[in-house]
Amino acid sequence: SDVFIISNNTMHHYTLSNLNYIIESGDNDEYWEYGETLRVEVDMTLDRGNYILVFVLYNGIKDTETFSI
């Protein structure tokens, strides 16, 4: 999976293997499955502004969220 954080001036790209993540509400195995929550932690400093967070799964399905700082 890939995580992109995009602004008008920059784009940051992370792969899930390079980030800290936890499977919450899971069945205590190492697989992220239907009904479980994947909490991904990105530790970085961003400038003030508007951003788009894009999370892309291995099969190409993606979700986006906009946020401001």
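**Strand pairing and pockets in a predicted all-strand chain**

Strands β1 and β2 form a hairpin, with four residues between them. The model is predicted. In the hairpin, β1 (residues 2-6) and β2 (residues 11-15) run antiparallel and are joined by five bridges. Val3 of β1 has Tyr14 as its bridge partner in β2.

Strand β1 also pairs with β5. This pairing is antiparallel too, and extends over five bridges. Here Val3 stands opposite Phe55. Val3 thus has a partner in β2, Tyr14, and another in β5, Phe55.

The two faces of β1 differ in cover. Val3 and Ile5 make up the covered face. Asp2, Phe4 and Ile6 make up the uncovered one. In a regular strand, side chains alternate between the two faces of the sheet.

Across the whole chain, the secondary structure amounts to six strands and zero helices. The pattern along the sequence is β-β-β-β-β-β. The C-alpha atoms fill a box of roughly 40 × 25 × 20 Å along the principal axes. Of the 69 residues, 17% count as buried. The chain exposes about 5600 Å², and carbon and sulfur atoms supply 46% of that area. Contacts were also sorted by separation in sequence. Among those between residues at least 6 apart, 32% join residues at least 24 apart.

Pockets were examined next. Rolling a probe the size of a water molecule over the atoms shows where empty space is left. The largest pocket has a volume of about 260 Å³. Its lining comprises 14 residues, of which Ser1, Trp32, Glu33, Leu38 and Leu57 are the closest to the centre. By class, this lining holds nine nonpolar, two polar and three charged residues.

The second largest pocket contains about 210 Å³ of space. Its lining consists of Val3, Trp32, Leu38, Val40, Val42, Leu53, Phe55, Asp63, Thr64 and Glu65. Seven of these residues are nonpolar, one is polar and two are charged. Strands β4 (37-41), β5 (50-56) and β6 (62-68) each supply at least two lining residues. The most come from β6, which gives three.

The second largest pocket leads back to the strand pairing. Val3 and Phe55 both belong to its lining, and these two residues stand opposite each other in the pairing of β1 with β5. Val3 also lies on the covered face of β1. Trp32 and Leu38, which line the second largest pocket, are among the residues closest to the centre of the largest one.

Terms used: Residues are numbered from 1 along each chain as its sequence is written. This is a predicted model: local features need pLDDT of at least 70, side-chain atom pairs count only at pLDDT 80 or more; totals for chains, interfaces and linings use all residues. Side-chain values use heavy atoms; hydrogens and water are left out. On a 1 Å grid over the protein atoms alone, a cavity is a set of points where a 1.4 Å probe fits but cannot get out, and a pocket is an open set with protein on both sides within 12 Å along at least five of seven lines; lining residues have an atom within 4 Å of a point. Grid points are joined across faces, edges and corners, and a volume is the space filled by probe spheres set on the points. Ala, Val, Leu, Ile, Met, Phe, Trp, Tyr, Cys and Pro count as nonpolar, Asp, Glu, Lys and Arg as charged, and the others, Gly among them, as polar. Buried means under 20% relative accessible area, exposed over 50%, partly exposed in between (1.4 Å probe, protein chains only). Two strands pair if DSSP finds at least two bridges between them. Contact means heavy atoms within 4.5 Å. Accessible areas come from the Shrake-Rupley method with a 1.4 Å probe; for residues, only the protein chains shown count as cover.
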